[in-house]
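Here is a walk through one chain, residue by residue and helix by helix. Keep the viewer open as you read.

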Amino acid sequence: DNSIAKKIDNIIEQYGSSVYYTQEGDTLITIAGKIFSDSSQWYYLQNINNLDNPLKVFSNGEKIILKR
């Protein structure tokens, strides 16, 4: 989706990185909320990071790719 791609580019530019490092207790839903201001975009992060478990609770410092 082109609108998501543009939003990702803007977020990466503001964030200064195409990688997000998790905080203790993050899930794809909470990360999507932080990154996209829309927790329903968790599936994008699941797909781009090839994650099997969408309900995974991350520990501190795990790498989540925002764009390939």
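## Gln 46 in α3

Gln 46 is buried, with a relative accessible area of 13%. That takes it below the 20% cut-off for buried. In this predicted model, Gln 46 sits in helix α3. What does Gln 46 touch once its neighbours within four places in sequence are set aside? The contacts are Leu 28, Leu 51, Asp 52 and Pro 54.

One of those contacts, Leu 28, is itself a buried residue of α2, and that helix is worth a look next.

## The buried side of α2

Pull up α2, which runs over residues 28–36. Leu 28, Ile 31, Ala 32, Ile 35 and Phe 36 are its buried residues. Look down the helix axis and they fall within an arc of 100°, so they line one face of α2. The general background is that an α-helix has 3.6 residues a turn, so residues three or four places apart point the same way.

What do the buried residues of α2 pack against? The partners are α1, β1 (19–21), α3 and β2.

## Two aromatic pairs

How many aromatic pairs does the structure hold? There are 2. In one of them, Phe 36 and Tyr 44 meet edge-to-face, with 5.8 Å centre to centre and 80° between the planes. Both Phe 36 and Tyr 44 are buried.

Trp 42 and Tyr 43 make an aromatic pair as well, again edge-to-face, at 6.4 Å centre to centre and 85° between the planes. Here the rings belong to partly exposed residues: Trp 42 comes out at 27% relative accessibility, and Tyr 43 at 39%.

## Positive phi in two loops

Now for the backbone. As a general point, most residues other than glycine have a negative phi. Ser 37 is not a glycine, yet its phi is positive, at about 55°. You'll find Ser 37 just after α2, in the loop between α2 (28–36) and α3 (42–48). Is Ser 37 buried or exposed? At 67% relative accessibility, Ser 37 counts as exposed.

Asn 50 is another non-glycine residue with a positive phi, this time of about 50°. Its place is in the loop between α3 and β2. Asn 50 is exposed too, with a relative accessible area of 61%.

## Salt bridges

How many salt bridges does a search of the whole structure find? The count is 3. The general idea is simple: side chains of opposite charge can pair when their charged atoms come close.

Take Lys 67 and Asp 9, whose side chains meet in a salt bridge at 2.4 Å, N to O. Why does this pair tie together parts that are 58 residues apart in sequence? Because Lys 67 lies in the segment after β2 (63–65), while Asp 9 belongs to helix α1 (residues 2–15). Lys 67 is partly exposed, with a relative accessible area of 36%, and Asp 9 is partly exposed at 35%.

Lys 34 and Asp 26 form another of the salt bridges, at 2.7 Å, N to O. The two ends sit in unlike surroundings as far as solvent goes: Asp 26 is buried at 4% relative accessible area, whereas Lys 34 is partly exposed at 42%. Glu 62 and Lys 56 also meet in a salt bridge, at 2.9 Å, N to O. Glu 62 counts as partly exposed at 22% relative accessibility, and so does Lys 56, at 31%.

## Thr 27 and its contacts

Lys 56 turns up again among the contacts of Thr 27. Where is Thr 27? Its place is in the loop between β1 and α2. Not counting residues up to four places away in sequence, Thr 27 touches Lys 56, Val 57 and Phe 58.

For a sense of the chain's path here, compare Thr 27 with Ser 17, 10 residues apart along the chain. Their C-alpha atoms are separated by 19 Å.

Technical notes: Residues numbered from 1 in each chain as written. Predicted model: local features only at pLDDT ≥ 70, side-chain atom pairs only at ≥ 80, totals over all residues. Heavy atoms only, no water. Salt bridge = Lys/Arg side-chain N within 4 Å of Asp/Glu carboxyl O. Helix = DSSP H or I, 4+ residues; strand = E, 2+ residues; numbered from the N terminus. Buried < 20%, exposed > 50% of the residue type's maximum accessible area, 1.4 Å probe, protein only. Phe/Tyr/Trp six-rings, centres within 6.5 Å; stacked < 30°, edge-to-face > 60°. Contact = heavy atoms within 4.5 Å. Arc of directions from axis to C-beta.
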